[in-house]
Amino acid sequence: NGNVIGGTTAADRNIISGNDENGIGITVQDGGDASNNTIKGNYIGTSPDGTVAIANTGDGILINHSSVSAASATGNIIGGSTGTTPNGACTGDCNLISGNTANGIGLWHSGVSGSSIIGNYVGTNLSGTSALPNGNIGVEVNEAPNNTVGGTTDSARNIFSGNGGSGVFLTGSAATGNVVQGNYIGTNSAGTAGVGNSRMGIGVGASPGAVGANSNAIGGSTSTSPGGACTGSCNLISGNGENGIFISGTESYGHVIKGNYIGI
């Protein structure tokens, strides 16, 4: 519990690349606790200048409850809002998580809850202007409840773009109560040009071998600007290769989708 990997300044940055499994793994076993850890300001899966892929062959970051017995991995933070540069390059607390073979970020299983993913660039180069793809999904929330992806301020915005799968994917019956808000999904860091994920912007529902997610929120009404730009809770979901938002599986129900810009 309570570990910090990286920091806000360039001198604090770790380069975590080229490993044979995940770049960073936080795993909680039966009855254990792996909570309140912070991962910020690192380059994960790239060269030290953030421009070329040096892949970790698993996920860039994986937080995983490894079995079905009681365990807790709560309150973990990936990224942050200090020193970030909205519409510009990945700076400050921003983790650059790109070029990895599997997902950029994975949150797996019911013990992983209450995590925050904020202010990161996932699937782009350092400047946020072009793709440096993770091989699959930008962030996968698999059987994990009550996590927050993004925020209502510009500094909390994640960029999920250029990935080989979807930008964001929520799956499994325990993936409930998650909030995805204020992100750019499929665009550059300024929101002005497409850097598309190869598949959908956001996928919700049943992945192979899993039942559908339920009762998650995509977007919202906080600090949005009706008639103006996509601000606050609004997700900008544009430029992607397939659907903007795709919901699948008969078990997928109770989702709320509001206040987003999709395809513009």
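**Exercise 1.** In which loop, between which two strands, does Asn42 lie? Describe the surroundings of this residue in the predicted model.

*Solution.* Begin with the position along the chain: Asn42 lies in the loop that connects strand S4 (38-40) with strand S5 (43-44). Next, consider its accessibility: the relative accessible area of Asn42 is 0%, and because buried means under 20%, Asn42 counts as buried. Then turn to the polar atoms of the side chain of Asn42, one of which lies 3.0 Å from the backbone oxygen of Ile5, while the side chain also reaches the backbone oxygen of Lys40 at 3.1 Å. Finally, leaving aside neighbours within four places in sequence, list the contacts of Asn42, which are Ile5, Gly6, Arg13, Asn14, Cys94, Asn95 and Leu96.

**Exercise 2.** Determine how the radius of gyration of the protein stands against the value for a compact globule, and describe the fold as a whole.

*Solution.* Start from the secondary structure, which consists of 25 strands and zero helices. For 264 residues, a compact globule would have a radius of gyration near 18 Å, and the protein, with 16 Å, agrees with this. The C-alpha trace spans about 50 × 45 × 30 Å along its principal axes, and 52% of the residues count as buried. Among contacts with a separation of 6 or more, 81% join residues that are 24 or more positions apart.

**Exercise 3.** Characterise the surface and the charges of the protein.

*Solution.* First take the accessible surface, which comes to about 9,400 Å², with 51% of it belonging to carbon and sulfur atoms. Then compare the mean positions of the 5 positive and 13 negative charges, which are 12 Å apart.

Conventions. Residues are numbered from 1 along each chain as its sequence is written. This is a predicted model: local features need pLDDT of at least 70, side-chain atom pairs count only at pLDDT 80 or more; totals for chains, interfaces and linings use all residues. Side-chain values use heavy atoms; hydrogens and water are left out. Helices (H or I, at least four residues) and strands (E, at least two) are DSSP runs, numbered from the N terminus. The radius of gyration is taken over C-alpha atoms; the globule rule is 2.2 Å times the number of residues to the power 0.38. Buried means under 20% relative accessible area, exposed over 50%, partly exposed in between (1.4 Å probe, protein chains only). Contact means heavy atoms within 4.5 Å. Accessible areas come from the Shrake-Rupley method with a 1.4 Å probe; for residues, only the protein chains shown count as cover. Lys and Arg count as positive and Asp and Glu as negative; His and the chain ends are not counted. The place of a charge is taken as NZ of Lys, CZ of Arg, CG of Asp or CD of Glu. A polar contact is a pair of N or O atoms within 3.5 Å; within protein, one must be able to donate a hydrogen and the other to accept it, and residues adjacent in sequence count only if both atoms are side-chain atoms.
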